[in-house]
Every structure is written in C-alpha cells, then in structure tokens.
Amino acid sequence: MSENPTPEIIEPVAPAPKVRAGKISSRHIEHYVAPLAETPLQSVDKVDETAEPLSMWAQAWRSLRIQPLFIISALLIILVILVAVFPGLFAKADPTFCKLDFARQGPSAGHPLGYTFQGCDIYARVIYGAKASVLVGLFTTIAVLIVGGTFGALAGYYGGWLDAVLARITDIFFALPLILGAIIIMQLPAFRENKSIWTVIITLAIFGWPQMARITRGAVIEAKSADYVMASRSLGLSKFKTLVKHVVPNSLAPIIVIATISLGIYIVAEATLSFLGLGLPPSIMSWGNDIANAQISLRNNPAILMWPALALSVTVLSFIMLGDAVRDALDPKSRKG
Amino acid sequence: MITFTLKRILQLIPVFFGATLLVYFLVFATPGDPIAALSGGKPMSPAVADALRAQYNLDQPFWVQYFLYLKNLVSFDLGQTFSGQQVSDVIARAMPVTARLAVMALAIEAVFGVIFGVFAGLKKGKLFDSTVLVASLLVIAVPTFVLGFVLQFVVGVKLSWAKPTVSSGAPWGDLILPAVVLGLVSLAYVIRLTRTSIIENKSADYVRTATAKGLSRRRVVVVHILRNSLIPVVTFLGADLGSLMGGAIVTEGIFNVPGIGNLLYQAILKGESATVVAVVSVLVLVFVIANLVVDLLYAWLDPRIRLV
C-alpha cells in the first residue's frame, strides 16, 4: 500500500506559482539552493526536501495519534475486545448463577452493580454479554465487506451490465430498511427455529451489504480515473491486477470509515432485534436480551436496564467515534481547517 | 418536467416489483411450511391444510403465486387476516396514525436538524459545534428502544409532561413524544450531514462574491450557503421517510401506538403472512414515492439540475 504514491503527496510541490531555476527539484537531482540573503523566503522553502515521502495512511496516522477522540475510542475498543475475549478476568461472579432470593437487590460486596429481576449478578452479565455484541458486529462487518466490497468494486471498475444489475439490486434493498428487513427474515421458520449468533449475522449481512457495495462502487469509480491507474495499464498490467493492486488500495479510505461506523450500527441492530424477541435466543447472554428483560422492572429499578444499555452505548459510541476520527484524518481538507 | 417524472416513475416500477418479489419470496417460498405455522405447530387435518393451501394459492408454482398476488394487489384485494378482517381495511385504519407519527418525526428532524447543523457548521470547532457533534454521536449510539424507555419514564411518568402511552385515536398531541423518539436518531444524522455540507460550501467562491457585493450575512447564509447545502440533506430526508415508517415498529411498541409498525409486528408474531406482505408492500410504495418527490425537489434547490 505504501509504495503507491498518492496524488496528495505530489500536490504541494507541483503547482508552485513562480518556477525559479534550481528552486524546485526532485530529491534525486543535485541543485543549487540560493542562500537566504540572495532570495526572499518563499513558501516553497518550508518543504523539507530531505524527508521521506509519507503515504496517505502515514499522514493520517500522524494526525490521528495525537487526537484525543481517537485515543479514547481506540482504548475503549481494545478494552471491549479484551472483555469479550477474556470475560473471566473482569468478573469473578458466575453470570448464570441466579437466585431469586437476591432479586432486585442493590450493590453489595463482590457484586458492584446489584442483581437483576431474576437475581443474577448485573456486573457479571454486563461483562459476559460483551462477547455476543462484539461477535455480531465484527462478523457482520466482515461479511458485508466481502460481499458488498467485491460486488461494488467489480461493478464500479468494469461498469456495463454488472453495474446496471448492482444499481437495481441495491435500489430494491434500499426500499427495505435494515430493521424491517431483518425482522422479516428472522421470523422465517428456518431462522426462528435455529436462532443463534450466526442467523443474526447472516440476516444483518443480507440487508447491510448493499450500502457497502454503493460506497465501494463510488470510491472505485473515483480512483479508477486517476493517472496512476492509466500508467499501470500502459505498463502492461492486466485490468484485473490493476484493480487489485492499485484501484482497491487507493479506494479503501471511505470503505474503512463506513465499515467502522457500520460495526456500531450492527451492534445496535442486534440489540433491537433481541429486544423484539427476534434476535439472539435467551440462552445467549447479550446486552440486547438483558435490556429487553429489564423492561418490566424499569419503573422501580432503572439500574437493571441502565447498565447493559450503558455498556452497549459506550461500545457503539467508541466504534462510531473511531470511524469519525479516521475520516477526519484521511481527509486532507478537514485537516488543514 | 413531465417527461422526467414519467421516466422516474418507469424506473421505480422495477424497484417496486423487485422489493415485493423479495418479500413475497421470503415470506411464502422459503423452507418451512407456512400452513403448518398457521396452526401454531399443532397437527392439522390434511383436508384443512389442502383447503388452506388452495386458498393462499400455495399449491401453485411460485411464479404463479406471485403473479396472482400482484393481480390481487392491483385490485386492492390484499387478503384477509386470521380473524377474517380485510387486510386493506386494517391497513387503512393503521396508516393515518403512522403517517401522522412519521410526518411529525420528519418535521422535527428537518427543522431542528437543519437549524443545529447550520449553526454548528458556521461555527466549526467552537463550543457549540463540539457539543452538538458529541450529542449527535451519543444519540446514534444509544438504541432507540432504550431512548424510548428512558424518555417515556422521565417525561411521561416522572414529570408527567406527556402521556406515557398514546390514547385511542392517537391524537396529534399524544404523538409528540413518540415522534421525538422516532426522529431522534435521524435528527443526529441530519445535523451531521447539514454541518458537513455547510462547511464545504461556506468557503465557496460564490459565497465570497455574495459577501463582497454587500449582501447581509443572513441573506448570504440562508439563500446562498443553505440552499446549496440542502441537496444531500433532502436526499437523506426522502429516504428516511420510508425507514421512519418501518422503524416505527419499535417506537409504536413502546408507546402503544396503533399504527402500521404495531400491526406488522403483531402480524409477524402471529405468522399472518398476508398482512406482512401487504404492509411491507405499502411501505415500499411510500419509500419509492418519497424518493420520487426528492428527485423533483432537486431542480428547485439547484436550477443547474435540469430534469430531462
């Protein structure tokens, strides 16, 4: 990826207004730089000509790593992933050990958030519930990237009938909103009787891929008219190899941003489906199921609903913030302002 | 203009047929016997099952079924619910309620979304802008049903500023709180979209020209910057009307609104396929028409776009 010079790097040097001999040069040619006393200082002098050229990603990383929004969201995401993978490290109590004696009791030693309506430890359930949400978000995003990304890239790059077919298919899918479509699929006998994390992932992916296909298609169309694509073709690289080696890497930016944000949206969608009783089965611990179960005790014990909802919202928020920060970092225009 | 409208309507026809075909296929032709689902999994006499199959045309090949369904759809014969009511009557009762709810939500989105978006965009990087940005992210991150519960509990029960559930007939006043909940997520998107669009346009050459020739700040903002920034916002709002009506499932459930979403949810739980397909077809139609209206609005917002 980093070998590909992107237009952004060349830009600051190329359109210099007044060209003086020896003033503007590539790094490889020996040149005479007049001492300051001889020539007035110009903006060109600011360019550090000995520096290594930075790829778009390296530039983005430079501005990202000092951004508080990025640091916070990245740390939160790492924490959520750790909690999802090693829940036992964070909670000592057994989330499936529920005793009605403890029902709706407040916090006590070793049980910092108190107990649910069924007498289960809220803190342990919040910790163990992370896995389902993270799995659904992650795998739905991967599936959407594979299907939507491939279809979108091929349609945008080759155009023609493939593009026309994709446009019609995405039109049709856009007429059915994500939640509505997911509800229809989840109520099918085949899905309703085999509820699991995977049926939720498949359902969300079926209605999520058209958006990714559109974004990819747009990004690929924008990238394919660039000069380096024509250069690569003129040098004899086949059309498909050009797509894989040059066009796709250069159109990744918007795709990554949308994928990160969508990951959060899919987690919300899973919770909504579980809330409606059509998502994950009750046997799987998830924030959506716990929120749905907490409804009945909302008026007297809002804390039971609040904690899983808070965990869910913070997770989703960190993914959306990450996407937002990456978008700003990848957009040179917004960086300047 | 007329040619354009006709052309767009022609383009919408495949979308409508495609979407209804998809839903019809999902509901009627996927593995699992819909007739067995009708009896709630209990054994059913073969004679009754055959009669039901014939009634829903399930003994015909799939394409014949779909064709017969379309034929009925065109003549507004949407079939019957399990309790023997005409589906078209049930939809006609629920539709106005959801339409009111969705229009109110859309109005809240459009008015507050554009106002907040414009001020945030004009004062990019200032306190107001950052506050609005963080608040909008928060709203997107919190699931609608949690927002619904919390607002219902705080505004409806604790403060009693509004009725926690909607009374029968669903008058406008009762629908304000559900409409706010329904529109809140999209409101966040409208704010962000307007803000980005305003930031992009406010440094355009024509804005400098407008300021240079001595126009007041208000006129520059409203007529020049805002009007040119509205196209992506209007596109979003148009597409959103469809999602609002579909997304009303959750909101209508929480606030007990007797609308389309509630109808659809109950039908799904009961396995009333005729109602499910009919309601979804209506929703697709609304989405398709809303998009047509958006396309026609483009020409008014930007005279450079000619509708041919």
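How many salt bridges does the rule find across the interface of chain A and chain B? The rule finds one salt bridge there. The model on display is predicted, and the tour below proceeds from chain A as a whole to the interface, then to the charged pairs, and finally to a patch on the surface.

**Stop 1: chain A as a whole**

Select chain A and display it as a cartoon. The secondary structure of this chain consists of 15 helices and zero strands. Chain A has 337 residues, of which 47% count as buried. Colouring by surface area gives the complementary view: chain A exposes about 17200 Å², and carbon and sulfur atoms supply 66% of that area. Among contacts in chain A with a separation of 6 or more, 68% are accounted for by residues 24 or more positions apart.

**Stop 2: the interface with chain B**

Add chain B to the selection. Here 40 residues of chain A are in contact with 39 residues of chain B. The size of an interface is often given as the accessible area lost when the parts come together. Between chain A and chain B the buried area is about 3500 Å², with carbon and sulfur atoms giving 81% of it.

For the polar part of this interface, select A:D324 and B:R192. Their side chains meet in a salt bridge, with an N to O distance of 2.3 Å. Across the interface of chain A and chain B the rule also finds two residue pairs in polar contact, both at pLDDT 80 or more. Which helices of chain A each supply at least two residues of the side that touches chain B? They are α6 (160–174), α7 (178–186), α8 (189–192), α12 (252–275) and α14 (302–330). Highlight α14(A) in particular, as the largest share of the side of chain A that touches chain B comes from this helix, with ten residues.

**Stop 3: A:D324 and its partner within chain A**

Keep A:D324 selected and add A:R327. A:D324 forms a salt bridge with A:R327 as well, the closest N and O atoms being 3.6 Å apart. Why are A:D324 and A:R327 separated by about one helical turn? The separation is about one helical turn because the two lie three residues apart in helix α14 of chain A. Is A:D324 buried or exposed? A:D324 is classed as buried because its relative accessible area is 11%, and buried means under 20%. A:R327, at 38%, is partly exposed.

**Stop 4: charged pairs in helix α6 of chain A**

Side chains of opposite charge can pair when their charged atoms come close. Over all chains, the count by this rule comes to eight salt bridges. For one of them, select A:D171 and A:R168. The closest N and O atoms of this salt bridge are 3.4 Å apart. Both residues lie in helix α6 of chain A, three residues apart, about one turn of the helix. A:D171 is partly exposed, with a relative accessible area of 23%, and A:R168 is partly exposed at 37%.

**Stop 5: a pair in chain B, and a network in chain A**

Move to chain B and select B:R208 and B:D205. These two form a salt bridge whose closest N and O atoms are 3.3 Å apart. Both lie in helix α9 (residues 205–212) of chain B, three residues apart, about one turn of the helix. Both B:R208 and B:D205 are exposed. Returning to chain A, add A:R214 to the earlier pair: salt bridges that share partners join A:R168, A:D171 and A:R214 into one network.

**Stop 6: A:R217**

Next, select A:R217, which is placed in helix α9 (residues 197–224) of chain A. A:R217 is partly exposed, with a relative accessible area of 29%. Leaving aside residues up to four places away in sequence, A:R217 touches A:G152, A:G156, A:D163 and A:L166. The side chains of A:R217 and A:D163 are joined by a polar contact of 2.6 Å. Although A:G156 is 61 residues from A:R217 along the chain, their C-alpha atoms are separated by 4.4 Å.

**Stop 7: a nonpolar patch**

Finally, select A:I71, A:L75, A:I78, A:I81, A:L82, A:V85, A:F86 and A:L89. Together these residues form a nonpolar patch on the surface, with about 750 Å² of accessible area. Which helix gives the most to the nonpolar patch? Helix α3 (residues 68–85) of chain A does, with six residues. A:I71 has its place in helix α3 and counts as partly exposed at 37% relative accessibility.

Definitions and conventions:
Residues are numbered from 1 along each chain as its sequence is written. Chains are lettered from A and ligands numbered from 1 in the order in which they are written. This is a predicted model: local features need pLDDT of at least 70, side-chain atom pairs count only at pLDDT 80 or more; totals for chains, interfaces and linings use all residues. Side-chain values use heavy atoms; hydrogens and water are left out. Patches are made of residues with over 30% relative accessible area and no salt bridge: like charges are joined within 9 Å, nonpolar side chains (Val, Leu, Ile, Met, Phe, Trp, Tyr) within 5 Å. Accessible areas come from the Shrake-Rupley method with a 1.4 Å probe; for residues, only the protein chains shown count as cover. A salt bridge is a side-chain nitrogen of Lys or Arg within 4 Å of a carboxyl oxygen of Asp or Glu. Helices (H or I, at least four residues) and strands (E, at least two) are DSSP runs, numbered from the N terminus. Buried means under 20% relative accessible area, exposed over 50%, partly exposed in between (1.4 Å probe, protein chains only). Contact means heavy atoms within 4.5 Å. Buried area is the accessible area (1.4 Å probe) that two parts lose on being put together, summed over both. A polar contact is a pair of N or O atoms within 3.5 Å; within protein, one must be able to donate a hydrogen and the other to accept it, and residues adjacent in sequence count only if both atoms are side-chain atoms.
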